[in-house]
Amino acid sequence: MDSDQPVVDPAVTATADDIAAMRIRGAATIADAAAAALATQAERSDAATPAAFERDLRASARELYETRPTAVSLPNALRYVLRGTEGDTVSALQSSTVESAETFRAELEQAQSKLGKIGANRLRDGDVVMTHCHSTDALACIEAALESGTAVEAIVKETRPRKQGHITAQRLRELGVPVTLIVDNAARRYLDETDHVLVGADSIAADGSVINKIGTSGLAVNARERGVPVMVAAQTIKLHPDTMTGQTVAIEMREEAEVLSTDERTAIDGNADGMAPLRVENPAFDVTPPRYVDAIVTERGQFPPESIVTLMRELFGETTAEPWDTT
Ligand code: RI2
């Protein structure tokens, strides 16, 4: 098919919808799903010309890109796959795109297991780890520690509003790690029993700030006050290249219904006579300044947050072009 309108495969739209609705979530998982979706777009393309193929692929990347603004792994994944798209014929473009996506996905998996082994070096037998939200990079560190015979226990913060700590609790229990689940407000009390705070990241800025699930910054400040080290597990696809040129990371604001159910809202509005309005704000992420972070663990080694910019320059240079911007 060839018309002026880009053709986006329904599988790409389905993946984009799943990411937006958080049926697919977690920065690494989002990146993996986005790369897989671009491969599907390429495989199923019936574009008549190379130009039409590239236009459709860019439109697909744009649709995926626009789903969630904070996790930089998403644009980094799209950029990686698109950079590998080359050839003079539709069939060459198809195969290079699929290959590029496959390489990206394989590297992603390897990066996580390498990172896990590096992070595991920070954990000692009998340590208690406090977690926030659900991060597969953070879990990889615990998994690698267990594999090398280091036993740990976990204090898992529930992580309102979506209670993603429950996913962490289940995953850890499957690995045989004893879990104590706490509400977010109890975290400071339990820091006295904690050896490490271990969290993931959605984005890391050039100054070493860590953008992660809302509540991370408060936890890190309390941990610093209690003398508990804060370790951030983040593959290099979480490094945000735009921040090298001074841009800030957009913080996603999510819908009210994650905080107040529609029934609760109806009840509140039904009893609102003479009262001021109630507004709900639901930011999904916050920014932890580098001074509250002890180490950023990547597949390329462990870094003090202030030095992460050197790794960013090495990996990204100064280029932050977004190929899907060209229509
Ligand atoms: P991994 C999640 O965001 C959490 O904030 C988590 O710490 C981060 O992604 C990284 O997850 P969300 O998608 O890539 O749940 O380590 O909003 O799995």
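This report walks through the ligand site, the largest pocket, the cavities and a few notable residues of a predicted model.

## Around the ligand

Let's start with the ligand. Its shell holds 19 residues, and those that come nearest are Arg 25, Ala 28, Thr 136, Asp 202 and Asn 212. By class, this shell is made up of 6 nonpolar, 7 polar and 6 charged residues.

Which side chains place a polar atom by an oxygen atom of the ligand? Arg 25 is one of them, with a polar side-chain atom 2.6 Å from a ligand oxygen. For Asp 202 the corresponding distance is 2.7 Å, again to an oxygen atom of the ligand, and for Gln 164 it is 2.9 Å. The protein covers 100% of the 450 Å² of accessible area that the ligand has on its own. Helix H2 (27-44), helix H6 and strand E6 (210-213) each give two or more residues to the shell.

## The largest pocket

Next comes the largest pocket, which holds about 490 Å³ of space. It is lined by 18 residues, and Tyr 80, Glu 107, Thr 236, Ile 237 and Glu 299 are the closest to its centre. Three helices give two or more residues each to this lining: H4 (73-83), H5 (90-120) and H11 (308-316). H5 gives the most, with 6 residues. Sorted by class, the pocket lining has 7 nonpolar, 5 polar and 6 charged residues.

Several of the central residues also touch one another. Glu 107, found in helix H5, has a side chain joined to that of Tyr 80 by a polar contact of 3.2 Å. Is Glu 107 buried, exposed or partly exposed? Its relative accessibility is 40%, so Glu 107 counts as partly exposed. Thr 236 sits in the loop between strand E7 (230-233) and helix H10 (262-270). Thr 236 counts as buried because its relative accessibility is 11%, below the 20% cut-off. The side chain of Thr 236 makes a polar contact of 2.5 Å with the side chain of Glu 299.

## Two enclosed cavities

How many cavities of 30 Å³ or more are there? The count comes to 2. The largest cavity has about 50 Å³ of space. Its lining includes Met 22, Pro 161, Arg 162, Gln 164, Lys 213 and Ile 214, along with Arg 254, Glu 258, Asn 282, Pro 283 and Ala 284. Of these lining residues, 5 are nonpolar, 2 polar and 4 charged. Gln 164 is a residue to look at twice: it is in the lining of the largest cavity, and its side chain also has a polar atom 2.9 Å from a ligand oxygen.

The second largest cavity has about 30 Å³ of space. Among the residues that line it are Thr 131, His 132, Cys 133, His 134, Ser 135 and Gly 200. Helix H6 (136-147) and strand E4 (196-199) each supply at least two residues of this lining. In this lining, 5 residues are nonpolar and 6 polar, with no charged residues.

## Backbone points to check

A few backbone details deserve a look in your viewer. The peptide bond from Arg 160 to Pro 161 is cis, with omega near 5°. Pro 161 is placed in the loop between strand E2 (153-157) and H7, and Pro 161 also helps to line the largest cavity.

Lys 163 lies in that loop between E2 and H7 as well. Lys 163 is not a glycine, yet has a positive phi of about 55°. With a relative accessible area of 38%, Lys 163 is partly exposed. Cys 133 likewise has a positive phi, of about 60°, although it is not a glycine. The loop between strand E1 (128-131) and H6 holds Cys 133. Cys 133 is buried, since its relative accessible area is 5%, and Cys 133 is one of the residues lining the second largest cavity.

## The end of helix H7

Glu 174 lies in helix H7 (residues 165-174). Is Glu 174 buried or exposed? Its relative accessible area is 52%, so Glu 174 is exposed; the cut-off for this class is over 50%. The side chains of Glu 174 and Arg 171 are joined by a polar contact of 3.2 Å. Leu 146 is 28 residues from Glu 174 along the chain, and their C-alpha atoms are separated by 12 Å.

Definitions and conventions: Residues numbered from 1 in each chain as written. Predicted model: local features only at pLDDT ≥ 70, side-chain atom pairs only at ≥ 80, totals over all residues. Heavy atoms only, no water. 1 Å grid on protein atoms, 1.4 Å probe; cavity = no way out; pocket = protein on both sides within 12 Å on 5 of 7 lines; lining within 4 Å. Points joined across faces, edges and corners; volume = space filled by probe spheres on them. Nonpolar A, V, L, I, M, F, W, Y, C, P; charged D, E, K, R; others polar. Helix = DSSP H or I, 4+ residues; strand = E, 2+ residues; numbered from the N terminus. Near = heavy atom within 4 Å. Polar contact = N/O pair within 3.5 Å; in protein donor to acceptor, adjacent residues only side chain to side chain. Areas by Shrake-Rupley, 256 points an atom, 1.4 Å probe, with all protein chains shown as cover. Buried < 20%, exposed > 50% of the residue type's maximum accessible area, 1.4 Å probe, protein only.
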